[in-house]
Amino acid sequence: MKKHFLFTTLFLSLFVLISLSSCEKDKTDKAPVITLDSPSDGDEFANGDEISIEGKVTDEDLHELKIELVNAATGAVLFSEEPTVHDMTAYDFHIHYDVEGITEHTTVKLNIEVADHSSHVSSKSIELHFNP
C-alpha cells in the first residue's frame, strides 16, 4: 500500500512538473503600437483624390493586422486589407486608395487593428470626409 501511494505521489509530482515547465509564457506583456503618419483625423478628400494611408505597427511578436475604410453612416466596408505580419516585429504600411463614386458628403472611418501572439490588441480609428 505504501509503495502504491509513493508511486502515485511521485507520478503526480512528475506530471505537474512537466506540465508547468511546458507552459509557454507570454512573449510580450505590451500591446502592439500603431503609428499613423497619414492621413490625419478630419482630412477631406474629393472624387478623384488618392489617399495615401501610411504608417507602422510594431510589437515583439506581431500576429495580425487589419486596415479598413468604413462608411460611418451605413457600416459598408469601402476598403479592407490584411497584410501578412505574422511573427514580424515591425511592419510599414503604404496603401493607396482612390476616392470614387461619392455623390454626397460621406464620413468615413479609417480603422486599424493589430494583434500580437499574446492576444494583446491595439486599434486606432480616425474620421475622414469624402466629398463629391
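## Backbone outliers in the loops

S119 is exposed, because its relative accessibility of 63% is over the 50% cut-off. In this predicted model, S119 has a phi near 65 degrees, a positive value in a residue other than glycine. The residue sits in the loop that runs between β7 and β8 (121-131).

A positive phi is also found at D87, a residue other than glycine, where the angle is near 70 degrees. D87 belongs to the loop between β5 (77-81) and β6 (90-98). With a relative accessibility of 46%, D87 counts as partly exposed.

A further backbone feature is the cis peptide bond between S38 and P39, for which omega is about 0 degrees. P39 is placed in the loop connecting β1 (33-38) to β2 (44-46).

## A buried aspartate without a salt bridge

The loop between β3 (50-58) and β4 contains D59. D59 is buried and yet takes part in no salt bridge. The nearest side chain of opposite charge is that of K30, 9.0 Å away. This distance lies outside the salt-bridge criterion, because a side-chain nitrogen of Lys or Arg must be within 4 Å of a carboxyl oxygen of Asp or Glu.

A backbone partner can nevertheless be named for the D59 side chain: one of its polar atoms lies 2.9 Å from the backbone nitrogen of D61.

## Salt bridges

Side chains of opposite charge can pair when their charged atoms come close. A search of the whole structure finds three salt bridges. One of them joins K109 and E127, with an N to O distance of 3.6 Å. K109 is in strand β7 and E127 in strand β8, so this pair ties together parts that are 18 residues apart in sequence. K109 is partly exposed, with a relative accessible area of 29%, and E127 also counts as partly exposed, at 29% relative accessibility. Elsewhere, salt bridges that share partners join K66, E68 and E82 into one network.

Within that network, K66 meets E68 at an N to O distance of 3.4 Å. K66 also forms a salt bridge with E82, where the closest N and O atoms are 3.9 Å apart. Because K66 lies in strand β4 and E82 in the loop between β5 and β6, the K66 and E82 pair ties together parts that are 16 residues apart in sequence. The members of the network fall into separate accessibility classes: E68 is buried, with a relative accessible area of 15%; K66 is partly exposed, at 33%; and E82 is exposed, at 56%.

## The largest pocket

The largest pocket has a volume of about 180 Å³. Its lining consists of 13 residues, and those nearest the centre are H63, E64, L65, K66 and E82. Two of these names, K66 and E82, also appear in the salt bridge whose closest N and O atoms are 3.9 Å apart.

Two elements, β4 (62-71) and β7 (106-116), each give two or more residues to the lining of the largest pocket. The largest share, four residues, comes from β4. By class, the lining comprises six nonpolar, three polar and four charged residues.

Key. Residues numbered from 1 in each chain as written. Predicted model: local features only at pLDDT ≥ 70, side-chain atom pairs only at ≥ 80, totals over all residues. Heavy atoms only, no water. 1 Å grid on protein atoms, 1.4 Å probe; cavity = no way out; pocket = protein on both sides within 12 Å on 5 of 7 lines; lining within 4 Å. Points joined across faces, edges and corners; volume = space filled by probe spheres on them. Nonpolar A, V, L, I, M, F, W, Y, C, P; charged D, E, K, R; others polar. Buried < 20%, exposed > 50% of the residue type's maximum accessible area, 1.4 Å probe, protein only. Lys, Arg positive; Asp, Glu negative; His and termini not counted. Polar contact = N/O pair within 3.5 Å; in protein donor to acceptor, adjacent residues only side chain to side chain.
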